[in-house]
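Got your viewer open and your mouse ready? Let's walk through this one stop by stop, with something to select each time.

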Amino acid sequence: MNARTIDRTLIYGSAVLLALWVIVPFYLIFLSAFSRPNDVFVYPKPLLPTDLSTETMQIFLQSTGVIAAVLNSIAVAVITIVLSMLLGAPAGYALARFTFRGRQAFQLIVLATKMFPVAILSIPLAVAFVRLGLYDNIVGVSLVHTAMALPFVILVTAGVFAGVSNELEEAAMTLGCSRFTAFLRVALPLALPGLAAAAIFTFVISWNEVFAASILTLRQRTLPALVLFALQQSPLYFKFAGGFFMVMPAIVFIFFMRRYLLNLWGGR
Amino acid sequence: MAGIRIENVTKMFGKQAALKDVSLEVKDGEFLVLLGPSGCGKSTLLRCIAGLEQVDGGGRVFIGDRDVTHLAPRAREIAMVFQSYAVFPHMTVAQNIGFGLRMHKRPKPEIEKRVKEGAALLSLEPFLDRYPSQLSGGQRQRVAVARALVMDAPVLLMDEPLSNLDALLRLQARADLKRLHREVRRTTVYVTHDQVEAMSMGDRIAVMRDGVIVQCEPPMRIYDHPASQFVGGFIGSPPMNFLGGTVKDGAFAGDGFSLPLGGRRIETGRQLVLGIRAEQIDFADQGLPAKVLVVEPLGSNALVTVMVGKTAVKVEAPVNTTVKPDEDVHLAFDLAHARWMDATSGNAVDA
């Protein structure tokens, strides 16, 4: 065995380990979510999907509040996407195109907002939201999610716009475009796949966010808040079904966007 | 009909001056080349004409009789070819060429007609429905030129349009551009760092260095009468030879040689540099003593490097030259072809 073979064995070995570490829990959740409710308690578990059933998922989706919570979650996510793209994409564009005083500092501050744990912010936020009439309101939750997603959206869209050569926009400007129409006609269409990826990732951030959502709502629960709330009183199979339902959008997202994400983070 | 007039243009990037009080006039229909090493400000000057950079201070830019100093690029009636070509990747060749016409809201039949003409001018007809990613570098470059030409703007600006092509293609594209210019006669400003391109294409060359135009004259005039040591060294391949020395007793004395000044009146003791082109030097029985270092046969001629004292001098000799390395030779040349420069400033001395 030469050094190269050892190297390869190590690399592939670690890759397989990492993959298993991520895949095995997902797989077990999937198995339990799609077996009959009582099969969850069977030991030893069959590791192959021999006896699939949608019964557990049906029970989960039909329990009180789940459908409403799903709708709430979707509404919150959509508002979050719209707000964070409207606020974040222009900031990202500015970071990518212009050198302005305090550009470095701005980039740092954008990241620094990530340093505040939501746990610390949530109580004052709850108080403020009660005063503003935003408490137990999906708009309030959306605002918090927007604040959480913004640093990500700004930095990713900056990367996306930096990937669209400035000379393309300048060429459009010499051909009769204003700065704004040059952006609309050239930069925007070319940045669209990247912006879509940022939007979908924002969706996942909002969809998965549980802490702010549970603190700031009472009856207008989003799905994670509801599941967290229901966790203690619900049977095991319900938890698996909920877990599967929660994790699905992220997996679908990664599946469709993986090549783009690799470009985004590995390529630049 | 539009010439370009640039008056006292200064451009600062932070505390760095990219252009220092530059004035330049380009005649209507002229092909003017901005030539200089990277960082000399030639691209910045072009972008100031295009309106992609705003000039600082009181500088003014005129196109034709219009003061365009504060106009946006689209209002300046210019067309530009970029170094990266800047061909829009999400549009077909036809859409690329017609983009400017669409932005100017020309009627559809006219756009179609002019796109066809533009494509024909650059032999792009077979590729009209292709996307840029399906084209070679040379084809993309032609798309960029066609897109600029169909605008019928009186002024055409080109920023190193050939620098991304391989050597063979560049030769071809150079001739194509020159032919195009003869056909369309637009006022053209062409930026390059390649002195061969500048020599072969320009009606005039403006040589730039450190944000200043050091000489702006027709190519052969610049070649034969460089305004400074920098210009002589930048233009021509091989570059001009330079020999340093001092004026003493009516002669020019350098490292192991002395040349009569031939009636030129230059004060004794002045330090000068003699500039002479490689093709002006011959091997002779007497003259400047030198030692042959290398002989490089180049096909049409031989390039011989000799040492005059500690200075390397390039001599263009016939390809059948008999000189050999380490041989002691003598160099002869007509002083009428020599240029004298001041040793400290590097500027030509009119003696």
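Start with chain B as a whole. Among its contacts between residues at least 6 apart in sequence, 63% join residues at least 24 apart. Keep in mind that you're looking at a predicted model. Chain B has eight helices and 20 strands, and its C-alpha trace spans about 75 × 50 × 35 Å along the principal axes. Of the 351 residues in chain B, buried ones make up 41%.

**Stop 1: a buried strand**

Select residues 187-192 of chain B, which is strand β8. Is this strand enclosed or open to the outside? Six of its six residues are buried, so β8(B) is largely enclosed by the rest of the structure. Now show the side chains. T187(B), V189(B) and V191(B) point one way, while T188(B), Y190(B) and T192(B) point the other way. Whichever way they point, all of them are buried.

**Stop 2: the partners of that strand**

Keep β8(B) on screen and add residues 31-35 of chain B, strand β3. The two run parallel and are joined by five bridges. To find a matching pair, look for L32(B), which stands opposite V189(B).

Next add residues 155-159 of chain B, strand β7. β7(B) also runs parallel to β8(B), with five bridges between them. Here the pair to pick out is M158(B) and its bridge partner Y190(B). How does the chain get from β7(B) to β8(B)? Select residues 167-184 of chain B and you'll see helix α5, through which the chain crosses. This β-α-β crossover is right-handed.

**Stop 3: a hairpin**

Now select residues 4-13 and 16-26 of chain B, which are strands β1 and β2. These run antiparallel, joined by seven bridges. One pair to click on is I6(B), with L24(B) opposite in β2(B). The hairpin has two residues between its strands, and G14(B) takes a positive phi near 65 degrees there.

**Stop 4: a five-stranded sheet**

Swing over to the open sheet of chain B, with its strands in the order β15-β19-β16-β17-β18. The pairing is antiparallel. Which strands stand at the edges? They're β15 (282-284) and β18 (311-317) of chain B, each with a single partner strand, so one side of each is left without a neighbour in the sheet. Turn the view to look at the twist, which averages 50 degrees from one strand to the next.

Zoom in on β18(B) together with β17, residues 302-308 of chain B: seven bridges pair them in the antiparallel sense. In this pair, T305(B) stands opposite K314(B).

**Stop 5: a loop worth a pause**

Find the loop between α8 (229-234) and β11 (241-248) of chain B and select M240(B). Buried or exposed? M240(B) has 24 C-beta neighbours inside 10 Å, so it counts as buried; the cut-off for that is 20 or more. Leaving aside neighbours within four places in sequence, M240(B) is in contact with P226(B), G232(B), G233(B), G275(B), I276(B) and R277(B). Try the distance tool from M240(B) to F99(B): their C-alpha atoms are separated by 46 Å, and the two are 141 residues apart along the chain.

The loop between α8 and β11 of chain B also holds P238(B). The peptide bond leading into P238(B) from S237(B) is cis, with omega near 0 degrees.

**Stop 6: two positive phi angles**

Select A86(B), in the loop between β6 and α2 of chain B. Its phi is near 50 degrees, a positive value in a residue other than glycine. A86(B) is buried, with 25 other C-beta atoms within 10 Å.

Then jump to D210(B), in the loop between β9 (204-209) and β10 (212-217) of chain B. D210(B) isn't a glycine, yet it has a positive phi of about 50 degrees. With 15 C-beta neighbours inside 10 Å, D210(B) counts as partly exposed.

**Last stop: where the chains touch**

Bring chain A back into view. How many residues does each chain give to the contact? There are 19 from chain B and 14 from chain A. On the chain B side, the elements giving two or more residues are β6 (78-81) and α2 (93-103). Colour this side of chain B by residue type and you'll find 14 nonpolar residues, four polar and one charged.

How values were computed. Residues numbered from 1 in each chain as written. Chains lettered and ligands numbered in written order. Predicted model: local features only at pLDDT ≥ 70, side-chain atom pairs only at ≥ 80, totals over all residues. Contact = placed C-beta atoms within 7 Å. Helix = DSSP H or I, 4+ residues; strand = E, 2+ residues; numbered from the N terminus. Nonpolar A, V, L, I, M, F, W, Y, C, P; charged D, E, K, R; others polar. Buried ≥ 20, exposed ≤ 12 C-beta atoms within 10 Å, placed from the backbone. Pairing = 2+ DSSP bridges. Right-handed = clockwise from strand over helix to strand, strands pointing away. Axes fitted to C-alpha atoms, helices over the stretch in contact; angles between N-to-C directions.
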